[in-house]
Amino acid sequence: MRSISVPRFTLFSEAHALRNALVLFIITTLFYAIGAMLRMVQELSLFWPLNAVMAAIFARYIWLNRIHYYVICYGAMLLYDVMTTQWGLASLVINASNMVFIIMVAQLVMRDKRHAGRDPGPINALRLFYYCLVSAVFCALLGALGSVGIDRQTFMPLLADWFSEQFSTGVLILPCVMTLTMPHQLTGIRLKQLLPAFTLVLSVLASIAVGGAGSLAFPLPALIWCAIRYPLPVTCLLTLITGASEIILVANSVINLAVSGPLHTAQLFSTRLGIATLAISPVIVSTSVAAINNLIRQVSLRADFDFLTRVYSRSGLYEALKKQPGHPEQNLTVMLLDIDFFKSVNDNYGHECGDYVLAAFARQVHEAVGEKGLVARMGGEEFAVAAKTEDPLDGYQLAEKIRRRVENYVFQWRQQPLRITVSIGIGSGSVGNKAMIDIFNELLVEADEYLYRAKKAGRNKTCARSQAEEGQLESATS
């Protein structure tokens with residue numbers, strides 16, 4: 001199915017300070033308005049996304065952590081309150097508590113970034129959970145203190161509401177915003193891929209139908225399934241949507257927790273904390289899956305490629321050949337290359353120089369072969385090339401191209417020029433009805449025989465079977 005390229009776009013740029021300031025002001029105002037629209041009857045915020053969103057933005061873009069950007073964010077909050085509330089001086093304290101959460105989370109996450117690579121992904125997900133917990137405590141203390149007296153609210157209910165709301169929205173929103181990416185390409189989505197998301201929707205509907213406190217956990221298995229099947233950004237987004245939906249559904253009695261009368265602060269407090277605790281589970285699973293997949297790719301890369309020369313290893317070459325389509329009339333040329341008198345390079349210049357020569361030699365061979373074939377290091381100073389060629393003569397000419405390129409190349413080691421030569425043995429034949437890996441193994445035996453003849457004939461030679469007489473074709477050095 002055809003894919004559609006998606007242009008890359010970023011809201012923030014280190015080189016555009018004015019645009020950054022404008023975007024920060026707009027985002028702050030937008031999410032402040034969203035939170036204000038979700039206020040409860042007692043003026044307590046039901047779902048307040050602003051702090052978590054801004055904390056994630058500051059944590060994601062390290063260069064935004066400047067005093068003037070924090071001031072712009074704080075100023076946007078105060079301006080909105082001036083236009084929409086009568087809080088007066090209380091607004092200074094309440095919005096200062098918002099900034100406490102934003103700055104604490106951003107600074108803690110940036111500390112982790114400075115120590116990146118020390119811990120695996122799941123540990124970082126747990127740390128994010130703890131960072132939201134600690135930041136919510138300090139934010140709640142200041143926010144509750146500043147809110148006392150607004151609509152006759154007392155300190156302890158305010159503290160519970162502030163803490164549970166900041167903690168739950170932080171756990172739900174931070175992973176989503178911090179991992180959010182635009183896809184480079186949009187491809188067709190199969191129905192089978194939508195099954196985890198479809199199951200998630202059914203689990204939320206089941207929560208509504210069944211009710212009770214336990215129903216809040218119904219989406220967890222579906223979220224775990226999503227974490228296994230979908231990338232981390234998608235999992236975080238689905239977790240955010242599910243958690244936010246449950247909080248709002250419970251608050252509006254759509255999900256009935258079997259509580260008599262209107263929803264009390266204590267029940268909302270418990271609901272938020274429960275959902276936040278459940279929400280971290282799929283994030284941890286998703287980061288675990290991402291870490292495992294990344295480890296598998298790294299192990300596969302180390303197994304398939306030679307670390308020193310950056311060409312295929314022996315096992316990597318075999319795996320690559322298994323994936324190569326073969327045609328009966330196609331000609332395959334297999335070359336074995338051996339650097340002449342390589343031991344003298346190690347003896348005279350040291351093994352560090354020998355490693356440099358091997359890497360530079362592999363690069364020269366790879367550039368000479370290009371897209372025509374595969375290059376692998378078979379061991380020591382011996383390399384192999386498997387190339388699809390028009391006929392045996394075309395393969396022989398490619399080998400000669402490699403030999404002459406190496407002979408004429410000057411290797412520079414610590415400002416000292418070095419020259420090396422290479423002996424090449426060739427095996428060439430049609431693929432026929434055999435698998436690519438089987439014909440390669442047969443031709444490799446032939447190439448090994450002619451490599452021995454090239455060395456015996458004086459080295460710096462290319463030796464192959466003659467098409468004309470089924471004997472030997474040898475080329476002397478020019």
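Here is a short exchange about the cores, one helix and a salt bridge in this predicted model.

Local features need pLDDT of at least 70 and side-chain atom pairs count only at pLDDT 80 or more, while totals for chains, interfaces and linings use all residues. Residues are numbered from 1 along each chain as its sequence is written, and side-chain values use heavy atoms, with hydrogens and water left out.

Reader: Which element gives the most to the largest nonpolar core?
Author: Happy to help! A nonpolar core is a set of buried Ala, Val, Leu, Ile, Met, Phe, Trp, Tyr and Cys residues joined through side-chain atoms within 4.5 Å, where buried means under 20% relative accessible area, exposed over 50% and partly exposed in between (1.4 Å probe, protein chains only). The largest has 70 residues. Helices (H or I, at least four residues) and strands (E, at least two) are DSSP runs, numbered from the N terminus. With 11 residues, the top contributor is α6.

Reader: Where is the kink in α6 centred?
Author: Good one to check in the viewer. Of the 25 residues in α6, 20 are buried, so the rest of the structure largely encloses this helix. The bend at a residue is the angle between axes fitted to the seven residues ending there and the seven starting there. The kink is about 30°, centred on G170.

Reader: How many residues apart in sequence are the parts tied together by K455 and D338?
Author: These side chains form a salt bridge at 3.4 Å, N to O (a Lys or Arg side-chain nitrogen within 4 Å of an Asp or Glu carboxyl oxygen). K455 lies in helix α15 and D338 in strand β3, so the pair links parts whose separation in sequence is 117 residues.
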